[in-house]
Every structure is written in structure tokens, then in C-alpha cells.
Amino acid sequence: MKKRIKYVLVSIIAILFCFLYAHVDKTHNIYDANTDSSLYSMVILEKESFVSQSFKCVEKDLTGISIKLITNNVSKEGKLIYKLNDADGKEILKSKVALEELKSGRINKIKFDRKIQECKNNWYTISFSVSDLKPDENVQVYYDSHGEKKGELFIGEQSAEGTIILRTLTHRFDLETFIVTICFIIYFAVFFRILYKLFS
């Protein structure tokens with residue numbers, strides 16, 4: 001009886017662990033992931049310049065974005081400013097992140113200050129600019145000018161061909177991660193039980 005209670009408690013703890021572990025940042029590419037990264041172009045962000053990208057959200061909520069950029073030799077005071085507008089042009093949020101917190105040449109996660117809800121199938125436009133840079137400093141944002149377009153790209157006020165290397169982030173429960181984690185736990189539990197029987 002005690003052994004059954006022990007197994008039930010261990011199972012409940014394992015399921016709870018898997019449930020918590022399965023809350024992940026679910027990402028969706030805005031750009032065409034099939035394009036060779038060597039073909040990417042870059043737009044330079046300096047004082048008073050900006051770049052914007054429209055995209056369709058496929059998740060119910062939106063909690064952040066990921067973007068690929070270069071921040072080499074940028075001073076600690078430098079900031080990346082991002083602004084999200086809905087399809088009607090209404091500003092939903094505006095915030096900034098220190099450039100020293102971002103890894104140059106990598107796709108960086110940027111978490112929003114708050115969750116944007118009821119987003120599924122809605123169109124949004126996110127724009128990026130910089131502040132507090134020295135006259136000889138700039139930030140370079142990657143975009144794909146060869147792959148399939150999934151929204152409108154603007155460099156300043158001018159329309160351009162391409163899509164920013166951008167992903168949407170949604171922190172939520174992911175069933176696939178939950179199932180895979182449980183399968184791993186079951187596998188190791190069975191494996192060690194077999195080993196125990198072989199050597200006991």
C-alpha cells in the first residue's frame with residue numbers, strides 16, 4: 001500500500017514538473033527560413049532612421065519578438081527602441097532595450113513589458129529605431145530580400161523588397177514539449193528499473 005502511494009506521489013510530481021517545464025517561448029518565423037543566411041541583406045539604423053515590418057500573428061497572445069542584428073562597437077548608452085502598432089496604426093506598446101544586452105550577429109529574444117492578448121490572425125507592424133548612439137555608431141538589422149514575403153517592409157518611409165529576420169514569441173503551454181518530456185521520464189524510469197533488476 002505504501003509502495004503504491006509512493007508511486008502515485010512520484011507520478012504526480014513528475015507530471016507537475018512536465019507541465020511547468022512545457023511552458024515555453026513558442027516561436028514563429030516571419031521571414032522565410034528556407035533562405036540561405038549568406039544571402040541576407042542589412043539595413044543600417046542611425047540617429048532618426050527606422051525600419052518597420054508588418055506581420056500576421058498566428059498565436060492567441062504575443063509576449064515578445066526575436067530579431068537578428070549587429071551591435072559591434074556600440075556604446076553602453078545605446079538603446080534599441082521598438083514600437084508595435086495594430087492594423088489601424090494605433091500604437092499598442094513602445095519600449096526599449098539596452099544594446100549591450102543583445103548579442104551581435106545572433107537572433108535575440110526581446111520580451112514585451114506586457115502580454116498582448118487576442119492577437120490570432122491580426123496584422124501588426126513593428127518598427128525599430130535607435131537612441132543614445134555616438135555619431136560614428138550604428139546598428140545593422142538583417143533582412144531577407146530573396147525569400148517569400150510575409151508582410152510589408154519599410155526602410156524609413158520607403159517600401160522595400162524583403163522581410164526582417166524576425167520571429168514572434170508567445171510564452172505558453174506547449175503540448176508537444178509536455179508529451180516529449182513525459183516520454184523521456186518514462187523511458188529513464190523503465191531503463192533504470194531494468195538495470196536495478198539485472199544487478200540486484
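1. Glu-118 sits in the loop that links β7 (107-116) and β8 (123-131). The model is a predicted one, and the remarks below should be read with that in mind. The phi angle of Glu-118 is near 55 degrees, a positive value in a residue that is not glycine. Glu-118 is also exposed, its relative accessible area being 57%.

2. A second case of positive phi is Asp-132, again in a residue other than glycine, with a value near 60 degrees. Asp-132 belongs to the loop between β8 and β9 (139-144). Its relative accessible area is 47%. Asp-132 is therefore classed as partly exposed, since the exposed class requires over 50%.

3. Both loops adjoin β8: the one holding Glu-118 lies between β7 and β8, and the one holding Asp-132 lies between β8 and β9. A check of the backbone could take these two residues together, Glu-118 with phi near 55 degrees and Asp-132 with phi near 60 degrees.

4. On the surface there is a patch of positive charge, formed by Lys-3, Lys-6, Arg-193 and Lys-197. Two helices contribute to this patch: α1 (2-21) and α2 (175-199) each provide at least two of its residues.

5. Within the patch, Lys-197 deserves a separate entry. Lys-197 is part of helix α2 and is exposed, with a relative accessible area of 55%. That value is over the 30% required of a patch member, so Lys-197 meets the accessibility condition for the positive patch.

Definitions and conventions:
Residues numbered from 1 in each chain as written. Predicted model: local features only at pLDDT ≥ 70, side-chain atom pairs only at ≥ 80, totals over all residues. Heavy atoms only, no water. Patch = residues over 30% accessible without salt bridge, like charges linked within 9 Å, V, L, I, M, F, W, Y side chains within 5 Å. Areas by Shrake-Rupley, 256 points an atom, 1.4 Å probe, with all protein chains shown as cover. Salt bridge = Lys/Arg side-chain N within 4 Å of Asp/Glu carboxyl O. Lys, Arg positive; Asp, Glu negative; His and termini not counted. Charge placed at Lys NZ, Arg CZ, Asp CG, Glu CD. Helix = DSSP H or I, 4+ residues; strand = E, 2+ residues; numbered from the N terminus. Buried < 20%, exposed > 50% of the residue type's maximum accessible area, 1.4 Å probe, protein only.
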